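User: Hello! I am new to this structure and would like to learn how to read it. Could you walk me through a few features?

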Amino acid sequence: NNNMDSNSDYIPIDRLSLGNQIGEGEFASVYEGSYTKPNREVIKVAIKTLRSEQVEMNKTAFLSEAHIMLRLNHHCIVKLLGLCKGQTLFMVQELMPLGSLLHYLYEHQEKINPNYEFKIWAGQIACGMNYLEEQRFVHRDLAARNILLATQHQAKISDFGLSRALNAGHEYYMALQGGKWPLKWYAPESYNYGNFHHKSDVWSFGVTIWEMYSFGSSPYGEMKGSEAINLIEAGGRLEQPEACPDNIYKVMGQCWQYKPENRPSFKNLLDIFCGDSEYMNIR
Ligand code: ADP
């Protein structure tokens with residue numbers, strides 16, 4: 001795609017300075033840095049690069065993630081400012097100083113009021129996902145580890161490494177062989193048939209807010225992915241976390257309806273968490 005290589009998407013390397021490493025993913029290392037914008041304003045950024053042993057194998061995936069992020073522009077989605085060609089390829093993203101939501105949940109429990117922060121974050125995730133749905137992207141890896149915090153009151157969706165654009169309303173199909181799939185976040189149609197759609201992202205949204213209300217516990221604890229699948233197939237679901245009010249647990253249950261069509265849409269979820277919904281009594 002030509003968009004990808006348009007000059008405006010590339011940042012000259014002399015406008016960047018690389019600082020300390022702030023994160024490490026499965027494939028990428030992430031550094032703090034600064035970027036001198038064309039108007040000479042200097043801003044802090046996150047610079048993501050493939051780990052050297054990963055470069056050849058995952059370059060296509062890295063570029064596809066960058067390509068998707070360049071097309072997205074929303075306050076609840078981590079912004080990709082551009083790419084930079086150095087020794088390797090860098091992704092220059094807006095810096096999310098508080099790091100991942102998952103990490104924040106267990107490191108800063110004492111700073112969190114479930115009736116306040118959790119509802120704000122859930123609303124922002126629903127808002128970003130609703131935008132993603134409007135843009136016809138399926139995320140496929142929505143989980144607390146992939147939500148980053150700009151501030152205590154601004155969560156954004158990141159990690160588009162597994163995301164795909166949907167063609168003409170069809171489900172995206174992915175062969176479920178090999179690889180390490182986040183099965184405990186997957187809807188039944190995804191782990192059974194490799195089908196991904198906005199409604200399978202809704203299932204993962206339910207697991208993500210479950211992680212939130214559990215202050216970062218692992219879903220299904222020590223169970224293996226296959227055991228969690230058996231539990232779901234038998235009609236079992238994740239238990240209600242202690243900090244989770246009944247009305248929110250009910251929403252999780254709706255996200256985990258076996259049939260995708262019985263789950264709420266992100267628009268519904270957005271209304272529930274951010275609307276004037278008396279039902280949620282949020283404001
Ligand atoms: P991978 O795609 O290899 O899983 P991630 O994108 O998940 O890599 O990044 C790994 C870690 O780096 C994240 O968990 C987070 O702590 C940190 N990180 C990633 N992007 C940013 C960002 N834009 N701002 C701040 N920290 C980030």
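Analyst: Happily; we will look at a binding site, the shell around the ligand and one further residue. This is a predicted model, where local features need pLDDT of at least 70 and side-chain atom pairs count only at pLDDT 80 or more, while totals for chains, interfaces and linings use all residues. Residues are numbered from 1 along each chain as its sequence is written.

User: At which residue does UniProt place the feature "binding site"?

Analyst: UniProt positions follow the numbering used here, with feature names shortened, and annotations may be inferred rather than shown by experiment. An unreviewed UniProt entry places "binding site" at Lys-48.

User: Is Lys-48 buried or exposed, and why?

Analyst: A residue is buried if 20 or more other C-beta atoms (placed from the backbone) lie within 10 Å of its own, exposed if 12 or fewer, and partly exposed in between. Lys-48 is buried because 23 other C-beta atoms lie within 10 Å.

User: Which residues come nearest to the ligand?

Analyst: Here, a residue is near a molecule if its C-beta atom, placed from the backbone, lies within 6 Å of it. Of the 20 residues around the ligand, the nearest are Gly-23, Gly-25, Val-30, Ala-46 and Met-96.

User: And how does Asn-247 compare with the burial cut-offs?

Analyst: Asn-247 counts as partly exposed, because it has 13 C-beta neighbours inside 10 Å. From C-alpha to C-alpha, Asn-247 lies 27 Å from Thr-151, and the two are 96 residues apart in sequence.

User: Where in the fold is Asn-247 found?

Analyst: Helices (H or I, at least four residues) and strands (E, at least two) are DSSP runs, numbered from the N terminus. Asn-247 belongs to helix H8, residues 246-255, whereas Lys-48 belongs to strand E3, residues 42-50.
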